[in-house]
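Reader: Could you walk me through the charges and strands of this model? I have a handful of questions ready.

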Amino acid sequence: YNEWQEKLSRDYLRERFEESEDFGSLYELHYFDGKNDSVLSDAVADDDLEYASDSAIIMYATFDAEKVEKIKLSKIAEMESGMYDELEDRLFAGVNLYVASKDKATELGLEVTEEDDMSSFKMNSAGSRIMFMRDVDEEKDEGDLYLIDVKNGQPSEAKLYDEDVHSYAGIRFAGDHIIYYKNYKDGKADIYIDGKEADFDANTSTSYNKDQDKIYFYVDYDSDKSQGTLRVYKNGKTETIGNDIHTFRLIGDDELVYIGDYSQKSYKGDLYIYRKGKANKVDEDVVALTMGVTDRKYQGGLNYYGW
């Protein structure tokens, strides 16, 4: 009876594999220069691609079934301990990562793991740097941060950039700057910029002024009061713009507006404009700020609401 059941299980798996067309959804990736179309790959394994916004450089993953070591159906049917992990490891052996500059693609040569999807890699806007995390401790959400330099479309070998980086807090580029966090707890962490600690007790969101090369972030943010201290980073130095700031918007190359002294009871605060290191009050009983931003340039007038 047991042998008969095992045969039925193998037959069922065989039918399912025959019905399956391929490994998930695979796509063709093309490069078009305005005249000619080039196929970079016909087996892109993920449509969530990582690409540079300011240059024709892209990172993608492909799947090659020929590289996947075969496994007997009888072994799968037995559902042995650790079988799922073994199947997963074998499938990832068929995944390759590439960086392409225009129509020229180069394999990265990285061993791909289950934690590697395109969302785990970050590329800067120029396409000159790629960073990603490896060996993440699932309990601590901490791991190693690696960096790849891309010069003339050719990626370098991945090098360890820093350790004990918090994965949940996120890693990101601001221009060429590398931003990440350590010692994360309750929504706050030590913020690192370009490998050095820039501040502590920081909120894990940032805003970047590309033209002035400035990075804005909150420290000592009180979620109950919805306000904190707004800081700005430039040329390796951090300065305070103001305390008890609820929200802000960049409105020029070197100026911003913010709502301070915000009340959670009335949902209102005072409107300030910050220009050349000085803050001046513009209005009171302001509820919200809105403005149009196009192509990272600050266009249109400022709109705000109150009652």
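Reader: Is Glu284 buried, partly exposed or exposed in this predicted model?
Author: Happy to start there! The relative accessibility of Glu284 is 46%. Buried needs under 20% and exposed needs over 50%, so Glu284 falls in between and counts as partly exposed.

Reader: Which residue does Glu284 form a salt bridge with?
Author: Side chains of opposite charge can pair when their charged atoms come close. For Glu284, the closest N and O atoms of its salt bridge are 3.6 Å apart, and the cut-off is 4 Å. The partner has a relative accessible area of 44% and is partly exposed. That partner is Lys281.

Reader: Which residue joins Lys281 and Glu284 in one network?
Author: Salt bridges that share partners build this network. Besides Lys281 and Glu284, the member you are after is Asp270.

Reader: How many salt bridges does the structure hold?
Author: A pair counts when a side-chain nitrogen of Lys or Arg lies within 4 Å of a carboxyl oxygen of Asp or Glu. One of them joins Arg275 and Glu255, with an N to O distance of 2.5 Å. That pair links strand 20 and strand 19, with the two positions 20 residues apart in numbering. Over the whole structure, the number of salt bridges is eight.

Reader: Which residue forms a salt bridge with Arg231?
Author: The closest N and O atoms of this pair are 2.8 Å apart. Arg231 lies in strand 17 and its partner in strand 15, 32 residues apart. Both residues are buried. The partner of Arg231 is Asp199.

Reader: How many of the eight residues of strand 17 are buried?
Author: Strand 17 covers residues 227-234 and is mostly covered. Arg231 is one of the buried residues, and it lies in this strand. For strand 17, the number of buried residues is seven.

Reader: How many bridges join strand 17 to strand 18?
Author: These two strands run antiparallel. Gly228 stands opposite Ile245 in strand 18. Two residues separate the strands in their hairpin, where Asn235 takes a positive phi near 55 degrees. The number of bridges between strand 17 and strand 18 is six.

Reader: What is the bridge partner of Tyr216 in strand 17?
Author: Strand 16, residues 214-222, pairs with strand 17 in the antiparallel sense over six bridges. The two form a hairpin with four residues between them, and Ser226 in the turn has a positive phi of about 55 degrees. Opposite Tyr216, the partner in strand 17 is Val232.

Reader: Which residue takes a positive phi in the hairpin of strand 5 and strand 6?
Author: Strand 5 (residues 95-101) and strand 6 (residues 104-107) run antiparallel and are joined by four bridges. Ser101 stands opposite Lys104, and two residues lie between the strands. The residue with a positive phi, near 60 degrees, is Lys102.

Reader: What separation do the C-alpha atoms of Glu107 and Tyr60 have?
Author: Glu107 lies in strand 6 and is partly exposed, with a relative accessible area of 38%. Tyr60 is 47 residues away along the chain. Their C-alpha atoms are separated by 9.7 Å.

Reader: Which residue of the patch of negative charge lies in strand 1?
Author: The patch gathers Asp33, Asp37, Asp42 and Asp103 together with a glutamate on the surface. Strand 1 covers residues 27-32. At 52% relative accessibility, the glutamate counts as exposed, because the limit is over 50%. The residue in strand 1 is Glu28.

Key. Residues are numbered from 1 along each chain as its sequence is written. This is a predicted model: local features need pLDDT of at least 70, side-chain atom pairs count only at pLDDT 80 or more; totals for chains, interfaces and linings use all residues. Side-chain values use heavy atoms; hydrogens and water are left out. Patches are made of residues with over 30% relative accessible area and no salt bridge: like charges are joined within 9 Å, nonpolar side chains (Val, Leu, Ile, Met, Phe, Trp, Tyr) within 5 Å. Accessible areas come from the Shrake-Rupley method with a 1.4 Å probe; for residues, only the protein chains shown count as cover. Lys and Arg count as positive and Asp and Glu as negative; His and the chain ends are not counted. The place of a charge is taken as NZ of Lys, CZ of Arg, CG of Asp or CD of Glu. Buried means under 20% relative accessible area, exposed over 50%, partly exposed in between (1.4 Å probe, protein chains only). Two strands pair if DSSP finds at least two bridges between them.
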